[in-house]
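Here are my notes for your next pass over the file. Please read them with the structure open.

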Amino acid sequence: MAKTVHHPVTSGETGMPAANEAAATAANGIAATLGAANQAGARINRDAYAEAKDFLPLDGIDHVEFWVGNARQASAYFRALWGFTPVAYAGLETGVRDRASYVLQQHDIRLVVTAPLTPDGEIADHVRLHGDGVHDIAFAVPDAAAAWRETTSRGARSAVVPRELDGGEDGVLRTSSVFTYGEVRHSFVDRRDYHGVFAPGYRRIKRPARAAQGLSLLEIDHCVGNVELGEMDKYVDFYRDVFGFAQLIHYDDKVIHTEYSALMSKVMTNGSGRVKFPINEPASGRKKSQIQEFLDWYHAAGTQHIALRTEDIVGTVRRLRDNGVEFLGMPHAYYESLASRVGDVGVPIETLEELGIEADRDEEGYLLQIFTRPIQDRPTFFFEIIERHGSRGFGVGNFKALFEAIELEQARRGNL
Ligand SMILES: [Fe+2]
């Protein structure tokens, strides 16, 4: 099969002396060869962005809302460990009687944590069943009513019909919402005529406590959904038919397996490539898939992890570790063979090993990534930190080693 190889360095554009350029071209050739070997079994659709239909313009992810047991403490966790600044609050003091919400911001990432103030109602029910977890992956859109019409007319189930929230002198915030897998929602948020903080009912936090320093988390790179066995293709079709996304990559269970367990994954993307949603389902193995462990403890399909993009993974992970964020560990053997698999990735292998950062290379470039342990007591949601250098992949070369590391933890939890 013919494959396009993108050389980042092309003749005449580098300004490098000819000998260096030749050396660079040779190095790229080696990198491309390494990349191809590394990605065996992953089927990448290079026409995905062109195939995506743009009947639904999305201007990226507006925010992600977690429903949690204690929003005040969750907010402090994201501030003190992760470097997010609390920027807005809604609760009893702002006239909201049933919930408390904190909005946290870092560069283009906006998180909302919301807890129930009453023993019944949808938030209390959600927390009782699922524990803390992702409630809403909200999109910024130019027209929330049109987005709702386009998606519901194509089969999405409505969660909230289009509405206008009156913010007084701050203007009008227009939103609507549909369901995706499990109880997770996609809200549509149109901020064109709204100039206040986050949403009506929220007030600005004027003097927030100091956020952790030295972190550089820039934007949400991708959000991964875990669905029940046999449901992956249903949600692949859902994102294609309802949202106009296209399939970027298919990893089958021959790629993503260890001696014990397996999973299958397909990655859906919108036309701009700004919104990427891998969908996982468990595959059968000798022992329990990590996806099945998530489903058992979340008691539903749900969002498994969100990847946050940085351009300084070394500095950021060092700070996160200092602040007490726990990451999955990779065995020494992983790093012994790393250089031969990925070549030069700009960071000494010893530094990667010291911090537990993984590297992967494909034909377009390389990426560095690391995964936290679950951030709540249930073995459910976790974060990924990712730094991309040309690669649009998801680290398939790391899957086997990574899943073995996860299985070690599953075994410690009695869930393997
Ligand atoms: Fe990921």
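1. The expected span of a helix is 1.5 Å times one less than its number of residues. Apply that to helix 12, residues 399-412, in this predicted model. Its 14 residues should span 20 Å, and the end C-alpha atoms are 20 Å apart, so the two agree.

2. Which residues of helix 12 are buried? They are F399, L402, F403, A405, I406, E407 and Q410. An α-helix has 3.6 residues a turn, so residues three or four places apart point the same way. The cover over the buried residues of helix 12 includes helix 7, strand 16 and strand 17.

3. After helix 12 comes G414. The phi of G414 is positive, near 75°.

4. Now the sheet. It is open and has 9 strands, in the order 1-12-13-14-11-15-18-17-16, with mixed pairing. Strand 1 (42-44) and strand 16 (358-362) are the edges, and each pairs on one side only. From one strand to the next, the twist averages 25°.

5. One pairing to check: strand 12 (residues 246-251) with strand 13 (residues 262-269). The sense is antiparallel, over 5 bridges. H250 has K266 of strand 13 as its bridge partner.

6. Where does helix 7 (residues 290-298) pack? Helix 7 sits on the sheet and touches strand 11 (217-226), strand 13, strand 14 (276-283) and strand 15 (302-310). The directions of helix 7 and strand 14 make about 95°.

7. Helix 8 (residues 313-323) lies across strand 11, strand 15, strand 17 (365-371) and strand 18 (382-389). Helix 8 runs at about 160° to strand 18.

Key. Residues numbered from 1 in each chain as written. Predicted model: local features only at pLDDT ≥ 70, side-chain atom pairs only at ≥ 80, totals over all residues. Pairing = 2+ DSSP bridges. Helix = DSSP H or I, 4+ residues; strand = E, 2+ residues; numbered from the N terminus. Axes fitted to C-alpha atoms, helices over the stretch in contact; angles between N-to-C directions. Contact = placed C-beta atoms within 7 Å. Buried ≥ 20, exposed ≤ 12 C-beta atoms within 10 Å, placed from the backbone.
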